[in-house]
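Student: Please take one part of this model and look at it closely. Give the cut-offs as you go.

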Amino acid sequence: MADQDKIVAGVAGKAEAKAPVIELRNVGKVFRTADRTDRAVLEGVNLTLREGEIVAMLGRSGSGKSTLLRIMAGLVPSDHGEVRFRGAPLAGAAEGIAMVFQSFALFPWLSVQQNVELGLEAQGVPKAERARRAEAAIELIGLSGFNSALPRELSGGMRQRVGIARALVTEPDLLLMDEAFSALDVLTGETLRDEMIDLWESGRANIRSILIVSHNIEEAVMMADRIVILSSDPGRVRAEVRVSFPRPRNRDDAQVRALIDEVYALMTSPAAMGPRMATLAAAQQIGFRLPNADISRMEGILDLLLEAPFLGRADLPHLAEEAGLTDDELLPACEALQLLHLATLERGDITATSLGRAYYAAEPAERKVLFGRQVLLHVALAAHIRRELEAAEDGEVGEEQVLRELEAFLKPEEAERVLAVAIAWGRYGEIYAYQYNSGMLTLPEAEEE
Ligand SMILES: Nc1ncnc2c1ncn2[C@@H]1O[C@H](COP(=O)(O)OP(=O)(O)O)[C@@H](O)[C@H]1O
Ligand SMILES: [Mg+2]
């Protein structure tokens with residue numbers, strides 16, 4: 001891996017000397033797309049997990065993380081290269097490898113106990129032993145007393161505990177966790193993550209190594225001994241960062257923060273983004289948290305600002321009073337005006353720009369054109385969507401795809417919120433259209449032919 005950056009934080013861990021649990025050598029995977037062309041999703045992936053190691057894998061949505069995990073679990077074959085588990089070639093699902101999914105993947109009609117026992121049934125463990133071991137795993141993960149509950153009776157965090165217990169019950173040598181915490185609310189996710197670290201440190205779970213796939217940089221830094229970063233198109237290991245701080249780690253510790261920053265920098269460097277993303281100017285900004293401002297409110301504020309008594313300049317509390325808006329209604333709209341260069345904010349004052357004045361004077365049709373132009377210029381996400389649409393052969397892009405890209409930077413709910421803002425602004429400015437029924441973004445009708 002000559003092209004791989006190596007960043008070493010602190011001294012190298014002892015894990016280097018330990019026996020490999022799983023080894024990937026030059027692993028590649030090709031998928032055939034709908035138009036029957038082959039696309040390399042993974043290429044030349046080399047990765048070894050050794051006993052006693054937690055490795056985190058970061059990478060954008062679509063970089064092939066889940067595919068790689070499925071290959072490591074023996075659920076799908078690779079097209080190139082070799083996977084060795086405990087020294088022997090991996091052929092199909094193996095005892096000793098367990099996986100936890102983001103979606104929990106529980107059987108809704110089975111109780112907690114039955115869901116957990118499933119992992120052992122597949123291995124032919126006798127009934128009495130299954131029951132005993134499942135109970136122990138349920139206790140280990142803090143679900144005692146819920147053995148006979150059904151998944152729908154549990155909160156998301158508890159369901160994921162079941163998912164984890166089902167993996168732990170087999171005492172796997174390799175535990176694969178695919179965004180296991182990202183469907184949970186922040187606090188629940190962090191609690192569960194911290195408990196996993198406790199379990200790991202205590203040795204009670206009897207796991208040899210863990211691979212965590214995540215799109216949360218802090219999570220990776222808090223948990224892992226080593227972080228590998230996958231690039232996209234094709235997915236390959238672009239960088240590796242060793243994290244040798246003792247666990248549990250304090251996220252407010254200056255060294256931990258510095259390392260988190262370093263990983264952010266690596267994640268957003270063009271090299272880590274792969275050839276397709278590298279061409280997108282300032283791609284990291286597509287994750288910019290657009291203010292929650294609807295267009296009629298923005299225009300209303302701009303109109304108010306340019307009329308008497310303000311005539312182009314107002315102090316915000318005064319403007320809020322005049323507009324009859326609360327701060328959390330006014331401020332996002334003002335930020336949006338500033339973002340689009342229609343006004344500037346300084347020391348609690350808002351001032352219309354010359355463009356803002358022109359906008360005020362413009363007819364509705366002209367306003368749309370101006371608005372669209374400013375959105376394209378200053379909202380990286382909107383410009384990104386527009387470029388993707390122009391590049392798409394059929395002139396359409398699914399919102400799901402954009403959402404997945406955003407989720408490399410933002411929590412899922414935040415990604416949805418930001419995308420909704422970008423869609424609303426872009427539609428109004430007629431830089432793209434959006435079909436509510438299908439969730440497809442398209443070029444505006446006037447431009448289609
Ligand atoms: N079964 C499949 N058939 C075709 N393409 C697939 C299949 N599974 C995944 N892909 C594609 O491979 C790429 C990587 O997907 P995935 O491994 O899920 O990425 P990640 O987990 O990093 O988001 C995506 O572009 C996805 O659309
Ligand atoms: Mg995935």
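Tutor: The chain has 17 helices and 17 strands (DSSP runs, numbered from the N terminus: H or I over at least four residues for helices, E over at least two for strands). The model is predicted: local features need pLDDT of at least 70, side-chain atom pairs need 80 or more, and totals for chains, interfaces and linings use all residues. Residues count from 1 along each chain as written, chains are lettered from A and ligands numbered from 1 in written order.

Now the close look: ligand 1. Its surroundings are Phe-31, Val-41, Gly-59, Ser-61, Gly-62, Ser-63, Gly-64, Lys-65, Ser-66 and Thr-67 (C-beta atom, placed from the backbone, within 6 Å of the ligand). Helix 1, residues 65–72, supplies the largest share of this shell, with three residues. By class, the shell holds seven polar residues, two nonpolar and one charged. Here Ala, Val, Leu, Ile, Met, Phe, Trp, Tyr, Cys and Pro are nonpolar, Asp, Glu, Lys and Arg are charged, and the others, Gly among them, are polar.

Now the chain around it. Of its 449 residues, 39% are buried (20 or more other C-beta atoms within 10 Å of the residue's own, all placed from the backbone). Take the contacts with a separation of 6 or more: 70% join residues 24 or more positions apart (contact: C-beta atoms, placed from the backbone, within 7 Å).

Definitions and conventions
A residue is buried if 20 or more other C-beta atoms lie within 10 Å of its own, exposed if 12 or fewer, and partly exposed in between; C-beta atoms are placed from the backbone. Two residues are in contact if their C-beta atoms, placed from the backbone, lie within 7 Å.
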